[in-house]
Amino acid sequence: MNTKVITCMEDDDKGCLAEAGSIIRQGGLVAFPTETVYGLGGDALNPLSSKKIYEAKGRPSDNPLIVHICCFADIYRIVSDAPEHRQMLEAAGRLADAFWPGPLTMILPKADVVPFETTGGLSTVAVRFPSHRTAQALIAAAGGFVAAPSANTSGRPSPTLAKYVLEDMDGRIDMVIDGGEVGIGLESTIVDLTVEPAEILRPGYVSRDMLQEVLGRVETDKACSGEGEQAPRAPGMKYRHYAPKGDMTVVSGKKENVVEYINRQAELAKSEGKRSGVIATDETAAGYRADIVKSVGSRTDELSAARHLYTVLREFDEEGAEAIYSEAFEGDGIGEAVMNRLLKAAGYHMIQV
Ligand code: TXA
Ligand code: MG
């Protein structure tokens with residue numbers, strides 16, 4: 001298959017998306033920019049499209065897809081309106097008022113029209129209304145309901161640039177819409193509204209504090225920080241993910257200790273003939289003596305770490321890093337989301353120094 005690439009920036013005229021929309025309506029696949037990461041879109045209401053998405057990504061088909069919509073009212077077409085579910089929908093309405101369009105995905109009981117192929121066999125559906133104007137225009141052109149996982153091969157970091165989509169998907173999908181670099185760089189926050197209290201299944205830009213301001217108490221799935229015995233409740237979160245090809249370790253502790261420990265490990269790697277890499281911050285980068293040192297930005301700007309993390313992980317692959325060490329991040333907001341992705345990339349391999 002020949003993958004066509006078109007360019008459509010957020011401010012461009014959206015007429016050029018008619019072809020992309022018709023590809024999706026006819027059962028094809030189009031990758032597109034969102035404010036979080038690039039998505040791989042197909043018709044969410046067509047079971048064959050969802051099957052194609054799983055094939056293109058090499059993704060296990062028990063891992064459900066997020067359905068993207070382009071206006072709040074469309075949620076009523078794809079979620080259950082049974083009386084016992086009304087309260088969940090009411091909570092969804094309040095969250096939507098606060099955070100949609102934007103980087104928040106809500107889990108709700110599904111309506112019959114959503115095929116089990118899209119929800120990985122679950123009776124719930126994940127719904128998101130993205131704020132990216134190109135994404136919105138594409139969803140509208142495609143008929144209103146676009147299933148879209150991140151546009152990477154299963155297990156690799158999510159793409160933040162069209163060139164990374166092509167790296168993974170060239171020849172496997174019909175079209176890529178190049179909209180430049182994404183804004184946030186980490187996938188949306190996922191909140192499950194089918195449980196009481198609501199529960200965060202994947203941390204993202206919309207933090208627990210922000211959700212609690214609207215909903216009252218909100219829990220976070222313990223598996224997000226690698227704690228707890230249970231498998232994560234978002235099926236996709238159980239897979240090794242976002243992972244670079246090299247072995248990765250997250251190192252937590254006082255700044256000086258972290259730098260010293262990583263430098264020692266980098267020397268050790270060198271003596272074994274391995275190429276070492278460090279995920280650093282502006283404050284520490286100059287102090288490292290590894291083969292490759294990449295800063296994700298300043299500690300005072302956690303959004304910068306989110307935006308650069310996946311690019312840095314892909315660059316380590318390009319540059320052949322075999323032993324990768326990362327500084328740790330913390331906090332409630334985007335720092336927590338960065339740490340969650342780092343731990344997953346490292347297969348939860350963390351060292352306290
Ligand atoms: O920011 C995003 O959310 C991006 C962009 C493209 O919108 N999409 C994205 O999709 O990250 P994906 O498929 O890579 O991640 C979806 C996650 C998976 O971990 C999946 O298991 C979980 O959402 N999920 C989807 N439906 C679910 C459901 N009904 N119940 C629990 N988890 C669900
Ligand atoms: Mg993904």
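Trainee: Where is Y348 found, and what makes its phi stand out?

Mentor: Y348 is found in the loop between α10 (334-345) and β16 (350-352). In this predicted model, the phi of Y348 is near 65°, a positive value in a residue other than glycine.

Trainee: Which peptide bond next to P101 is cis?

Mentor: The bond from W100 to P101 is cis, with omega near -10°. P101 has its place in the loop between α4 (86-99) and β5 (104-109).

Trainee: What is omega for the bond from E196 to P197?

Mentor: Omega is near -5° there, and the bond from E196 to P197 is cis. P197 is found in the loop between β9 (189-192) and β10.

Trainee: Why are β2 and β8 called a pair?

Mentor: Two strands pair if there are at least two bridges between them. Strand β2 (residues 30-32) and strand β8 (residues 175-178) have two bridges, so they count as a pair, in the parallel sense. In β8, the bridge partner of V30 is M175.

Trainee: What is the order of strands in the open sheet?

Mentor: Eleven strands form the sheet, in the order β1-β8-β2-β3-β7-β4-β6-β5-β9-β10-β11, and the pairing is mixed. What makes β1 (4-7) and β11 (218-220) the edge strands is that each pairs on one side only.

Trainee: How do you know that T36 makes a polar contact with ligand 1?

Mentor: The cut-off for a pair of N or O atoms is 3.5 Å. An oxygen atom of ligand 1 is 2.6 Å from an N or O atom in the side chain of T36, so the pair qualifies as a polar contact. For the side chain of N63 the distance from a ligand oxygen is 2.8 Å, and for that of R202 it is 2.9 Å; by the cut-off of 3.5 Å, these are therefore polar contacts too.

Trainee: How much of the accessible area of ligand 1 does the protein cover?

Mentor: The protein covers 97% of the 690 Å² that ligand 1 has on its own.

Trainee: Why is ligand 1 said to sit in the largest pocket?

Mentor: A molecule sits in a pocket if more than half of its atoms lie within 2 Å of the pocket's grid points. Ligand 1 sits in the largest pocket, so it meets that condition there.

Trainee: What makes up the shell around ligand 1?

Mentor: By class, there are 14 nonpolar, eight polar and five charged residues. In total 27 residues surround ligand 1, and the closest are T36, N63, H68, S188 and G236. Strands β4 (66-68), β6 (124-128) and β10 (198-202) each supply at least two residues of the shell. Of the strands, β6 gives the most, with three residues.

Note on methods. Residues are numbered from 1 along each chain as its sequence is written. Chains are lettered from A and ligands numbered from 1 in the order in which they are written. This is a predicted model: local features need pLDDT of at least 70, side-chain atom pairs count only at pLDDT 80 or more; totals for chains, interfaces and linings use all residues. Side-chain values use heavy atoms; hydrogens and water are left out. A residue is near a molecule or strand if one of its heavy atoms lies within 4 Å of it. A polar contact is a pair of N or O atoms within 3.5 Å; within protein, one must be able to donate a hydrogen and the other to accept it, and residues adjacent in sequence count only if both atoms are side-chain atoms. Accessible areas come from the Shrake-Rupley method with a 1.4 Å probe; for residues, only the protein chains shown count as cover. On a 1 Å grid over the protein atoms alone, a cavity is a set of points where a 1.4 Å probe fits but cannot get out, and a pocket is an open set with protein on both sides within 12 Å along at least five of seven lines; lining residues have an atom within 4 Å of a point. Helices (H or I, at least four residues) and strands (E, at least two) are DSSP runs, numbered from the N terminus. Ala, Val, Leu, Ile, Met, Phe, Trp, Tyr, Cys and Pro count as nonpolar, Asp, Glu, Lys and Arg as charged, and the others, Gly among them, as polar.
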